[in-house]
Amino acid sequence: MEINESVENYLEAILMLKEKNGMVRSIDVVRLLNFSKPSISRAMSRLRENGYITMDGEGWLELTEKGYEIAARIYERHQLFTQWLVALGVSPETAREDSCRIEHDISEESFEKIKAHIEKYRQDQ
């Protein structure tokens, strides 16, 4: 399975919901992402088949180690870019939307340099 923006979004959504609610089901992902139940069901099946998530008999979703690694990387980017854009004066809603686009396309090298720059700026304040 190719790790594309959709896969990253699903895994990030599961991580966000897990942190917020403690437990996650597919219907929670449906509500968060505002996608249809059949679309999410198919996506969850593919994520399970490829070893990114597990689902127990009651429908609770868990990220596997490799699923968590991807989700955590994307979620970190999302949070950093959202906070950074808001600090620059961008509205929170626009910052969230823009960070969703940026987080998937930026290289690891560029992200790490931006992150280091932001952290240095914070320390200097």
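Biologist: Let's start with glutamate 108. What is its relative accessible area, and how do I read that value?

Modeller: Glutamate 108 has a relative accessible area of 38%. Buried means under 20% and exposed means over 50%, so glutamate 108 counts as partly exposed. Bear in mind that this is a predicted model.

Biologist: Fair enough. How confident is the predictor, going by the average pLDDT of the protein?

Modeller: The average pLDDT is 94, and 100% of the residues score at least 70. Among the elements, S2 has the highest mean, 98, while H6 has the lowest, 89.

Biologist: And the overall layout? How many helices and strands are there?

Modeller: You're looking at 6 helices and 2 strands, and along the sequence they follow the pattern α-α-α-β-β-α-α-α. The C-alpha trace spans about 50 × 25 × 25 Å along its principal axes. Take the contacts between residues at least 6 apart in sequence: 55% of them join residues at least 24 apart.

Biologist: Back to glutamate 108, then. Which side chain does it meet in a salt bridge?

Modeller: The general idea comes first: side chains of opposite charge can pair when their charged atoms come close. Here the partner of glutamate 108 is arginine 77, at 2.8 Å from N to O. Arginine 77 sits in helix H4 and glutamate 108 in helix H6 (residues 108-124), so the bridge ties together parts 31 residues apart in sequence.

Biologist: Is arginine 77 buried or exposed?

Modeller: Arginine 77 is buried, at 2% relative accessibility. Its partner, glutamate 108, is partly exposed.

Biologist: How many salt bridges does the structure hold, and where else should I look?

Modeller: There are 6. One of them joins glutamate 8 to arginine 73, with the closest N and O atoms 3.4 Å apart. That pair links distant parts of the chain, since glutamate 8 belongs to helix H1 (residues 5-21) and arginine 73 to helix H4 (residues 65-87), 65 residues away. Glutamate 8 is buried at 7% relative accessible area, whereas arginine 73 is partly exposed at 28%.

Biologist: What does lysine 18 pair with?

Modeller: Lysine 18 forms a salt bridge with glutamate 62, at 2.8 Å from N to O. Glutamate 62 is in strand S2 (residues 61-63) and lysine 18 is in helix H1, so this bridge connects parts 44 residues apart in sequence. Glutamate 62 is partly exposed at 36%, and lysine 18 is partly exposed at 28%.

Biologist: Now the rings. How do I read the geometry of phenylalanine 81 and tryptophan 84?

Modeller: Look at the distance between ring centres and the angle between planes. The structure holds 3 aromatic pairs. For phenylalanine 81 and tryptophan 84 the centres are 6.3 Å apart and the planes lie at 45°, so the pair is tilted. Both residues are in helix H4, 3 residues apart, about one turn of the helix.

Biologist: What about phenylalanine 81 with phenylalanine 111?

Modeller: That pair is edge-to-face, with 5.8 Å between centres and 70° between planes. Phenylalanine 81 lies in helix H4 and phenylalanine 111 in helix H6, so the rings tie together parts 30 residues apart in sequence. Ring pairs link Phe81, Trp84 and Phe111 into a cluster. Phenylalanine 81 and phenylalanine 111 are both buried, but tryptophan 84 is partly exposed at 30%.

Biologist: Which charged residue lies over the face of phenylalanine 111?

Modeller: Arginine 77 again, at 5.2 Å from the ring centre. Elsewhere, the charged end of arginine 25 sits over the ring of tryptophan 60, 4.1 Å from its centre.

Biologist: Last topic, the nonpolar core. How many residues does the largest one have, and which of them touch the most other members?

Modeller: In soluble globular proteins, nonpolar side chains tend to be buried together. In this structure, the largest core has 21 residues, and Leu11, Val29, Met44, Leu47 and Ile53 touch the most other members. H1, helix H2 (26-33), helix H3 (37-49), S2 and H4 each give at least two residues to this core, with the largest share, 7 residues, coming from H1. Setting aside neighbours within four places in sequence, the contacts of isoleucine 53 include Leu11, Ile14, Met44, Leu47 and Leu61. There's also a second, separate core of 5 residues, among them Leu80, Phe81, Phe111 and Ile118.

Biologist: And what share of the residues is buried overall?

Modeller: Buried residues make up 35% of the 125 in the protein.

Key. Residues are numbered from 1 along each chain as its sequence is written. This is a predicted model: local features need pLDDT of at least 70, side-chain atom pairs count only at pLDDT 80 or more; totals for chains, interfaces and linings use all residues. Side-chain values use heavy atoms; hydrogens and water are left out. A salt bridge is a side-chain nitrogen of Lys or Arg within 4 Å of a carboxyl oxygen of Asp or Glu. Helices (H or I, at least four residues) and strands (E, at least two) are DSSP runs, numbered from the N terminus. Buried means under 20% relative accessible area, exposed over 50%, partly exposed in between (1.4 Å probe, protein chains only). Rings of Phe, Tyr and Trp (its six-membered ring) pair if their centres lie within 6.5 Å; planes under 30 degrees apart count as stacked, over 60 as edge-to-face and the rest as tilted. A charge sits over a ring if NZ of Lys or CZ of Arg is within 6 Å of the ring centre and within 35 degrees of the ring normal. pLDDT is the predictor's confidence in each residue, from 0 to 100. A nonpolar core is a set of buried Ala, Val, Leu, Ile, Met, Phe, Trp, Tyr and Cys residues joined through side-chain atoms within 4.5 Å. Contact means heavy atoms within 4.5 Å.
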